[in-house]
Structure formats: C-alpha cells, structure tokens
Amino acid sequence: MADAVTTPPVPSRTGRADVAARAAPSADELRRTAHALDHRFRDDLAHLVGIDSGSHDAEGVERVAAWAAAALVGDGFDVETLPTPLRDGRRYGPVVIGRRRGSGASRVVLFAHMDTVFPVGTAAERPFRVEGDRAYGPGVCDDGAGIAAGLSAARVLDAVGYDGYGELVLVLTPDEEVGSPASRELLADAARGADAALCLECARENGDLVGARKGVADVLVSIHGRAAHSGVEPERGINAAVEAARFLLDVQSLSGSRPGLTVNVGRVASGSRPNIVPESAELHLEVRADGLAELVGALDAIDERARHPFVDGARIGVTRLDVCPPLERDATDRLAAIARRTGARLGLGFEVAATGGASDANFVAALGVPTLDGLGPVGGGDHGVDEWLDLAGAPDRVALLAGLVVAIAEGESVR
Ligand SMILES: [Zn+2]
C-alpha cells in the first residue's frame, strides 16, 4: 500500500485535519500522475529552450514571460505580469506571478528564473535535443526545467484534485543570472510572509537539493594617491599601486578566518606609465561567507583596513556595490527534513547540500521565509555548451515538488 505523502492525522492550523487527511493524495498517486503528464513537461521544456532569453535580452525574456503567463492561465492561475524598473540604465524583462487559490490556509511560493546566460542566436545554434535519457540545449537545466517543473507540479495537484493549500504562487524572474537587480523587490513582495518557499533551480548532478548558499558581497575599493615624476621628484608622490598591493594581500588573507569566508580580489587596476608614480588604483573584490554575521564581519574588517593606509597620505574608499545575504542552514532545516521524508515515500534518496553560489533563494530566505532550493529536476553543466537535464528522473522530481506542497499544506511544521 502506498503511503500518504503526509502522516495523518496531522492537526493543521485550520483545524481541518480530518478533511485534509482524506483529501491528501498518496505519494504513489502523485508519481503516477506526474509520469502520465510527463509529455506536457517535455513539451514545455522544449518550448522554453527554443527561446533565447539572456538576462540583458529583455525582448527574449518577454517572450518567455508571455508564454509562461498563458500556460499559467491555462492551469487555473490568476496571472500578473509586472514590468521591472531600469537598473544602471538597462532594461530587463518582467516578473510573472501566478496565484491559484485553494481551500486551505498555507501559502506556498515556488520560484524560478526565465533568463539564461546565453547570447541571442544560441537557441538556433544549439536547438533542444534529446539523447537517451537526457535533454540538451541552452538553459535546459538552468532554469528551463525549473519553470517546466513548477508548471507540471501545479498540473499534477490539479489532476489529483488536491487544493488543500491556501494559495499556490509561482513567481518567474527575469534577471537571476546577473544577481536579480531589477526583480528582487518584486520577488520579495510576492514571497513575504509565505509559509514556505521552494526555489526551482535544478537539483545537483548527484540529485542533492540545496539547503545552504553562501552570502556574497561585491565591493569596490578606490585608492587615491598623488602623481609625481618618478625621476625628478618621486618623494612627492603617493603611490596608490603600492597601497593597492598591500591592501590586496591584507584583505585576501581574511579568507578562512571565519566559517566559509573567502575573499577574492578579482580585478586590480592602477597607473598609466612607468615614469609616473601611480595616482590612483582600484580593486574590485568579492566576499563570500556561510552566515550573515561572518559576511558583515568581513566587510567591517575591510572598512577598518581602509581607515589605516599603509602608504602615508593615501586615501581609501570602500563601496559595497551589492550584498546578497546567505541562505543559512538553520533556516532550511525543517523544510529539508520534510523534503527527505517526502522523497523517501517516493523512493528518492538525496542529501541537502551546501554551495558557495548564490541564487534568488538567498533573497527570499532573508525575509525569514523557510526556503529550500534545488527543487527542479536533476541536471548539470550549467552555463556551458554541454548543459543537460535528466529527463528520465524528471517526473519523480515533479512528484517530489507536488508532494512537498501537499506536506506543507497539510501542516508539517516548516518553521
Ligand atoms: Zn539558475
């Protein structure tokens, strides 16, 4: 006999445990339905991969948005397509938000991104193709399959007649690959106060979900010295390049001083000619850390170093260009446990891993919403020509996603 996705009776916050327990589909039912509807997943995926939608190709992302909005309407969602503001003079595609009301109380937010890292023309150059159990093409894993899985999970719930959630929300963003400059507030507005948020970046190659992502800060350091003739009066110069060199070594050595902390000075620029003492220098660096406290601590240490120049007379300015908070493990623990239990009922074994890379899950988790990532199907090779998606395993992952929505709606505690 198939286990129910949840373990009844679970008293839900709505006090409808008796009704809900009868209404909750079994794991087996979800899986069978996901397999029966798998052709829709494949069609959606092929369609998405066929549309160029680089982050800075607003028209391409708009085409994905229009297609997704129509698909959501077809699946019983109320849909809003919200334009995004210009960022640094650049135009981005819209945010699509689909909402489907249910009979319960929990609000569950699924989110995926419509943009890819690929330039216009890639979809024609490397069209969607299937070889064996795998699909290939630009964005097939990151994040076409995430969008298709979100649509499919909603379809599966509909097909089994389950609507025990209060509201099922699917948010599609246009600019994740460049750090979501234009959409992060709209995503936050849609996710704020949700009972749980499930990020549809794909699962890792080995099937693991993602329960922790480092926070990232993007920092520009500007060093001001004084130019002087290197032969005639070098003593009148204030060498910004020397300061930059010392500064680089000092901040880079913060790496490892706190849990998961890395500092990488990725760009160094200074000077113009060998006979001039360099007047200015610039360091562009990135800080990553497991926890917000560690990230902020490192940023403070960089500010502190800037107040104490090594070269007499040098002035150092530090600008935090962007700070993306971490997805911290303790914020995802309970959701991860629910995912493991749901996965076990579907016969899926996986771990919940940590990674150094950030995603939109970081912004949502920072709102205090329990957030889990990696709930798209299994794939790999992101951002490369060999990007792939495991088609054979996709229906089970869609069933996992649908099962998680059921578990949360039925009152498994996520906080
Ligand atoms: Zn992605």
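Let us begin with helix H2, residues 27-36, whose buried residues are Ala27, Leu30, Thr33 and Ala34; buried means under 20% relative accessible area, with a 1.4 Å probe and protein chains only. These residues cover an arc of only 135° around the axis, which puts them on the same side of H2. In general, an α-helix has 3.6 residues a turn, so residues three or four places apart point the same way.

I should state that this is a predicted model, in which local features need pLDDT of at least 70, side-chain atom pairs count only at pLDDT 80 or more, and totals for chains, interfaces and linings use all residues. Residues are numbered from 1 along each chain as its sequence is written, and side-chain values use heavy atoms, leaving out hydrogens and water.

What covers the buried residues of H2? Included are helix H3 (38-49), helix H6 (140-159), H10 and H12.

Two of the packings deserve attention. H10 (residues 329-345) and H12 (residues 394-409) pack at an angle of about 120°, with their axes 9 Å apart. H10 is therefore oblique to H12; oblique covers angles that are not under 35 degrees, over 145, or 65 to 115. Their contact, meaning heavy atoms within 4.5 Å, involves residues including Leu335 and Ile338 of H10 and Leu400 and Gly403 of H12.

H6 and H12, in turn, pack at an angle of about 60°, with their axes 8 Å apart. H6 is thus oblique to H12 as well. Among the residues that meet here are Ala149 and Val156 in H6, and Val398 and Leu401 in H12.

Key. Axes are lines fitted to C-alpha atoms, for helices over the stretch in contact, and angles run from 0 to 180 degrees between N-to-C directions. Helices (H or I, at least four residues) and strands (E, at least two) are DSSP runs, numbered from the N terminus. Buried means under 20% relative accessible area, exposed over 50%, partly exposed in between (1.4 Å probe, protein chains only). The arc is that of the directions from the helix axis to the C-beta atoms.
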